Amino acid sequence: MKPAVFLDRDGTLVEEVGYLDRLDRLSLFPWSIDAVRLLNRAGFAVVVVSNQAGVARGFFAEPFVLEVQREIDALLAAAGGRIDGWYYCPHHPDAPLPQYHRACECRKPRPGMIRQAQAELGVDASRSYVIGDRWLDVQLARNVGARAILVRTGYGATEERQAPDGMAADMVADNLIEAVSWVLRDSRATRHGPESR
Ligand SMILES: [Mg+2]
Ligand SMILES: [Zn+2]
């Protein structure tokens with residue numbers, strides 16, 4: 001079993017644009033490719049976990065979510081980077097579309113997407129990290145016993161000023177590359193890294 005770094009998509013890996021509903025609005029942060037490659041090279045599974053309530057709200061359909069994944073995969077592949085697993089939740093408890101109207105197990109901060117990755121990719125959640133721009137990403141980490149990094153990109157700078165009671169990240173980073181640098185140092189220091197077992 002290897003550790004994973006679970007990445008939020010919008011606001012963490014790519015620019016937050018409200019609801020990303022057209023490919024021409026997709027923009028990786030300038031450091032995202034380097035960040036993913038560093039994690040690949042270190043031996044982490046790199047897994048994206050994303051709430052896509054825009055599907056439940058009828059703003060775009062599930063094939064578009066997959067199209068975005070393929071586009072990001074292509075951008076990364078051209079530079080030698082790789083996402084090992086893609087997971088998204090298309091549901092919302094208030095969805096106008098009945099097929100997506102549900103209180104599911106996969107909508108962050110519930111742990112369904114990470115549970116699925118554990119089963120499909122053989123990931124050890126207790127040695128893993130979650131990086132995201134919302135407190136729900138931090139809560140997701142808490143729910144599976146992983147470490148949590150809040151990034152200040154996307155909604156992160158605003159979120160940082162509005163921490164829910166009792167909630168704290170293990171680290172707050174300016175952006176994904178700073179978060180990844182911390183993960184690499186922390187995993188060596190705590191012997192939780194991919195090489196450790
Ligand atoms: Mg986000
Ligand atoms: Zn769901």
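**Helix H5 and the residue after it.** A helix here is a DSSP run of type H or I with at least four residues, numbered from the N terminus. The model shown is predicted. Helix H5 covers residues 135–144. Its buried residues are Trp135, Asp137, Val138, Leu140, Ala141 and Val144. These buried residues pack against strands S2, S4 and S5 and against helices H4 and H6, the last being residues 156–160. An α-helix has 3.6 residues a turn, so residues three or four places apart point the same way. After H5 comes Gly145, which has a positive phi, near 75°.

**The zinc ion (ligand 2) is held by four protein donors: Cys89, His91, Cys104 and Cys106.** The cysteines bind through SG and His91 binds through ND1, with the donors lying 2.0 to 2.3 Å from the ion. Along the chain, these donors follow the spacing C-x1-H-x12-C-x1-C. Cys89 belongs to strand S3 (residues 85–89), whereas Cys106 sits in the loop between S3 and helix H4 (112–121); the two are 17 residues apart, and the pair links distant parts of the chain. Both Cys89 and Cys106 are buried. The angles between the 4 donor atoms at the zinc ion run from 103 to 117°, and the arrangement is therefore tetrahedral. Ideal angles for four tetrahedral donors are 109.5 degrees.

**The magnesium ion (ligand 1) is coordinated by three aspartates: Asp8, Asp10 and Asp133.** Asp8 and Asp133 each contribute an OD atom, while Asp10 contributes its O atom, at 2.1 to 2.2 Å. The spacing of these donors along the chain is D-x1-D-x122-D. Asp8 and Asp10 are buried.

**Tyr19 and Phe59 form an aromatic pair.** A pair of aromatic rings is described by the distance of the centres and the angle of the planes. The ring centres of Tyr19 and Phe59 are 4.8 Å apart and their planes meet at 70°, so this pair is edge-to-face. The pair links distant parts of the chain, 40 residues apart: Tyr19 is in the loop between strand S1 (4–7) and helix H1 (32–42), and Phe59 is in the loop between helix H2 (53–56) and helix H3 (62–77). Tyr19 has a relative accessible area of 35%, which means that it is partly exposed. Phe59 also counts as partly exposed, because its relative accessibility is 44%.

**Phe44, Tyr129 and Trp182 make up one aromatic cluster.** In the model as a whole, the count of aromatic pairs is 5. Tyr129 also takes part in strand pairing, with Arg147 in strand S5 as its bridge partner.

**Six strands form an open sheet with parallel pairing.** The strand order is S3-S2-S1-S4-S5-S6. S3 and S6 (171–173) are the edge strands, each pairing on one side only. From one strand to the next the twist averages 20°. Strand S4 (residues 129–132) and strand S5 (residues 147–151) run parallel and are joined by 4 bridges.

**Helices H4 and H7 lie against the strands.** H4 packs on the sheet and touches S1, S2 (45–51), S3 and S4. The direction of H4 makes about 150° with that of S3. Helix H7 (residues 176–189) lies across S1, S4, S5 and S6. H7 runs at about 165° to S4.

Notes:
Residues are numbered from 1 along each chain as its sequence is written. Chains are lettered from A and ligands numbered from 1 in the order in which they are written. This is a predicted model: local features need pLDDT of at least 70, side-chain atom pairs count only at pLDDT 80 or more; totals for chains, interfaces and linings use all residues. Side-chain values use heavy atoms; hydrogens and water are left out. Donors are N, O and S atoms within 2.8 Å of the metal (3.2 Å for Na, K and Ca); water is not among the atoms, so sites may look incomplete. Four donors count as tetrahedral if all angles lie between 85 and 135 degrees; four count as square planar and six as octahedral if opposite donors are over 155 degrees apart and all others between 65 and 115; anything else is irregular. Buried means under 20% relative accessible area, exposed over 50%, partly exposed in between (1.4 Å probe, protein chains only). Rings of Phe, Tyr and Trp (its six-membered ring) pair if their centres lie within 6.5 Å; planes under 30 degrees apart count as stacked, over 60 as edge-to-face and the rest as tilted. Two strands pair if DSSP finds at least two bridges between them. Axes are lines fitted to C-alpha atoms, for helices over the stretch in contact, and angles run from 0 to 180 degrees between N-to-C directions. Contact means heavy atoms within 4.5 Å.
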